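Me: Hi! Could you walk me through the aromatic contacts in this one?

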Amino acid sequence: MHKTDQRKIVLVGTGMVGMSYAFALLNQNLCDELVLIDINKKRAQGEAMDLNHGVAFSGGNMEINAGEYEDCRDADLVVLTAGLPQKEGQSRLSLLKENKKIFEEILRQVLASGFRGIFLVATNPVDIMARIVQEISGFLPSRVIGTGTALDTARLRYLLGEKFSIDPRNMHAYVMGEHGDSEFVPWSQAMMSTKPIFDLCSESETCHFQELLELEEEVRMAAYRIIEAKKATYYGIGMAMARITKAIFGNESSILTVSGFLEGEYGEKGLYIGVPCVVNRAGIRQVVELPLGAEEKKRLHDSCETLENTYREICEDSL
């Protein structure tokens, strides 16, 4: 197999999110080579050993090793899950200052290796961390992808599927905005197959718009509830990251709600935020602009402002 055929991923951060992603990669045979990097080298070595012992049960022949930053040189994808986890009751945005410092040091070493692939960022607050990666690296915005609201969208579709007794894969609805408290659902764009959710609701005595708003709130609070129950969330986001990876390596041009860089779409520019994007081998091929209603546009604008204000505060503190 020639080098051009190899799919190489370097994963920086072997905490629960990183390892849930690595486990999903192994189970779905999504890459040929996986390199684990962590500040705790012994942990990275132990995780590599543990995963390797499952290779015989997987559908592929993945090469898994603990490594160093120079391994990023010929990687297709560098995946960033390093950073401090969100604590109970802590907003994602309050994590930012500490995680920005960690990222600056990591990126210095990744870029020194000569890496020219695609960055996938999962560390929270993910929209701002993706922006920091793009600004420090100088990469084209299309080559830096944050996990955005991909997981929130999956949560929403799961709940809608449960409500209407339909396979979640046939519920076409999105969570947009900041991966955090200001995210929202543009209900005008929510469909079962090609049938608007509003039509579905009007035909059913058991469905009222208030219930949809309660579903939206359930999605928004899901991470907090999981953290309260088990201290962290990792399986869902690991699967979301695997899905994004599959879209990249398969050159799928799939539409996923990732953190994309807006350059005038939705009347916003200069920041990363969760919006439907076409994802393929080049990274983000384009941002998909949905025909939002006036109230939905306002909610997206407010979410953008939330992120912009937080980003400015961090930049001022760094001066």
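Reply: Happy to; here is a short tour of ring pairs and charges over rings. The model is predicted: local features need pLDDT of at least 70, side-chain atom pairs count only at pLDDT 80 or more, and totals for chains, interfaces and linings use all residues. Residues are numbered from 1 along each chain as its sequence is written, and side-chain values use heavy atoms, with hydrogens and water left out.

Me: How many aromatic pairs are there by your rule?
Reply: The count is six aromatic pairs. Rings of Phe, Tyr and Trp (its six-membered ring) pair if their centres lie within 6.5 Å; planes under 30 degrees apart are stacked, over 60 edge-to-face and the rest tilted.

Me: Nice. Why is the F115 and F139 pair called stacked?
Reply: Their ring centres are 5.9 Å apart and the planes sit at 25°, so the pair is stacked.

Me: And are F115 and F139 buried or exposed?
Reply: F115 is buried at 1% relative accessible area, and F139 is buried at 3%. Buried means under 20% relative accessible area (1.4 Å probe, protein chains only). F115 and F139 also form one aromatic cluster with F119.

Me: What about F261 and Y272?
Reply: That aromatic pair is tilted, with 5.3 Å centre to centre and 55° between the planes. F261 and Y272 are both buried.

Me: Switching topic: which residue lies over the face of Y311?
Reply: R131 does, at 3.7 Å from the ring centre. K163 lies over the face of F164, at 5.9 Å from the ring centre. A charge sits over a ring if NZ of Lys or CZ of Arg is within 6 Å of the ring centre and within 35 degrees of the ring normal.

Technical notes. Buried means under 20% relative accessible area, exposed over 50%, partly exposed in between (1.4 Å probe, protein chains only).
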